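Here's a quick look at a two-part model, starting with burial and ending with the contact between chains. Have a scroll through the structure first.

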Amino acid sequence: MQNILAIWQREMRSYFVSPIAYVVLTVFLFLSGLIFFGNLREVYQYTMSTAQLGQGAQPIDVPAYVTQSMFRTVTVILLFLLPMMTMGLFSEEKKRGTIELLLTTPVGNTHAILGKYLASLTFLLILFAASSITISSLFIYSHPDWKPILAGYLGLFLYGAALLALGLFISTLTENQIIAVIVTFGVSLVLWLISVFAASATGAVRDVINYLSVISHLDDFIKGVIDTSHVIYYVTFAFVALFLAYRSLESMRWKG
Amino acid sequence: MIEVEHVSKIYSGRRAVDDVSFKVEKGEVLGFLGPNGAGKTTTMRILTCYMPSTEGTARIAGYDVFEDSLEVRKRIGYLPENPPLYPEMTIKSYLEFVAKIKGTRANQRKSQVSEAIGKCNLGDVQNRIIGKLSKGYKQRVGLAQALLNNPEVLILDEPTLGLDPKQIHDIRTLIKGLASTHTVILSTHILPEVSMTCNRVVIINKGKVVAMDTPEGLARQMRGAAERVSLTVEGPVEAVREKLSGIDGVLNVEAGDSEGGTSVNYSVECQLDSDLRRVLAAAVVAQGWGLLELRGVSLSLEDVFINLITKEEA
């Protein structure tokens, strides 16, 4: 436990002494803020135009509409940004030779992986905490139902956790951060776009492809539904990626 | 304390380490000597559980490096060839981090860290960022890291690399001081280092152990059948050579290069266990020639090393 904590702490420090954490935070907040604003405007214009036409405006749940479309866009932003948070986790250790320190002290591979993974999850929570400022502004002007919003955040967190685990695994494969980030992004994108292929498939194949897609499991969360099967999907995804990372570290010893 | 038995490591078909066996007793300092690429680092990596050997076994304090890797790792301090440092950390926070992952108890951590800082003379710079330090400081931080948690065994891969002469001297003194409480293996290709710090030397070349002895023992072993004396004499070359050859116990005299003017360097081979320096000096002076220099030549570790390595290649 002390090991995990020590590695978590060191990793958090290295996020925040390098510009990367600030850059990712800034870009994330800017984009999610912009989209939030855009969505609000859209709703506003819609109500204005329906009012001008003299039709009775359709009643819409403005806060729910705005948060849901923001969550959907945030999934794309995370797809781009999260690989940056994992690219250095192991590749940088390999490049600097500090992996030799980690693997020759009583820190096990499991502890090293968990410490680093927890650090990346912590950063994800920091991102969410910062972005919740825009959403909480809704509470000032209206009375949104907070439970679906929380469900949406839970879904985003699970989705992010899966991508981070994938990135961590890929980071163990190379000592080049750029390669790690590009491959992570590429693989995530494939898992994202896979649902497009599902459209042209039929029967069981279609179901399987749909099940593999990282994004198809997110929709229910965003609508405010917490379905355990989706939770299981993301948790399994992360677990498999972390296990692969473990095996990859093991095999590194043998290859030398 | 350290037992290595028939260890081999094969990298993509090449034998980096080939059937290496040696033992190190508690409190010994073993020097691991060899040209670059001889397999020193690989052997050390096997001992530190960084990579498994292809064949053979190695035990540290009775624990197998493969089977009981965790127990071994608790007992070693390792300085890799490139000190494993995080450039964005300060020396102190880095050492605290290493102390934590080495499992130092919380109440001892502070004293452990300050002790290591003191031993490696890092007190003045302990709050500086590692990335901004010179190579010599980085090397010392690497050494300080290895000392944390008082490991029984220290494995140091080229500990004096990149240090200035004063620092090299300090580190050697430090290593000698550690020998009473720790067992040390250090690798180097700097020969005087070995004769100064080590009780025993293992010379390794192309993955194989080519010699293993005390530094003096190695020199003795290589000296062969003759003692050598070197003379610089001012006088007629032929006459000097004839005179020296005539002395009882002299086996061979070789005239070397002239040092400008009439002085010439002679290399005299004498019988083993005879000290002819006094007789040689008297003979030269009695003839009225000028004796400019006279010294006994002992084969240095360097000669031993070169001899062994080149013999291997021949």
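## Chain A: burial and fold

Of the 256 residues in chain A, 36% come out as buried, meaning that 20 or more other C-beta atoms, placed from the backbone, lie within 10 Å of the residue's own. This is a predicted model, where local features need pLDDT of at least 70 and side-chain atom pairs count only at pLDDT 80 or more, while totals for chains, interfaces and linings use all residues. Residues are numbered from 1 along each chain as its sequence is written, with chains lettered from A and ligands numbered from 1 in the order written.

Chain A has 11 helices and 0 strands, going by DSSP runs (H or I of at least four residues for helices, E of at least two for strands, numbered from the N terminus). Its C-alpha atoms fill a box of roughly 75 × 45 × 30 Å along the principal axes. Take the contacts (C-beta atoms, placed from the backbone, within 7 Å) between residues at least 6 apart in sequence: 79% of them in chain A join residues at least 24 apart.

## Chain B: two domains

Chain B is split into domain 1 (2-213) and domain 2 (224-299), with bounds from an automatic or database domain assignment. Over C-alpha atoms, the centres of these two domains of chain B are 46 Å apart.

## Where the chains meet

Chain B and chain A each put 21 residues into the contact. On the chain B side, the elements giving two or more residues are α2 (69-75) and α3 (91-101) of chain B. That side of chain B has 13 nonpolar, 3 polar and 5 charged residues. Here Ala, Val, Leu, Ile, Met, Phe, Trp, Tyr, Cys and Pro count as nonpolar, Asp, Glu, Lys and Arg as charged, and the others, Gly among them, as polar.

Technical notes: A residue is buried if 20 or more other C-beta atoms lie within 10 Å of its own, exposed if 12 or fewer, and partly exposed in between; C-beta atoms are placed from the backbone. Two residues are in contact if their C-beta atoms, placed from the backbone, lie within 7 Å.
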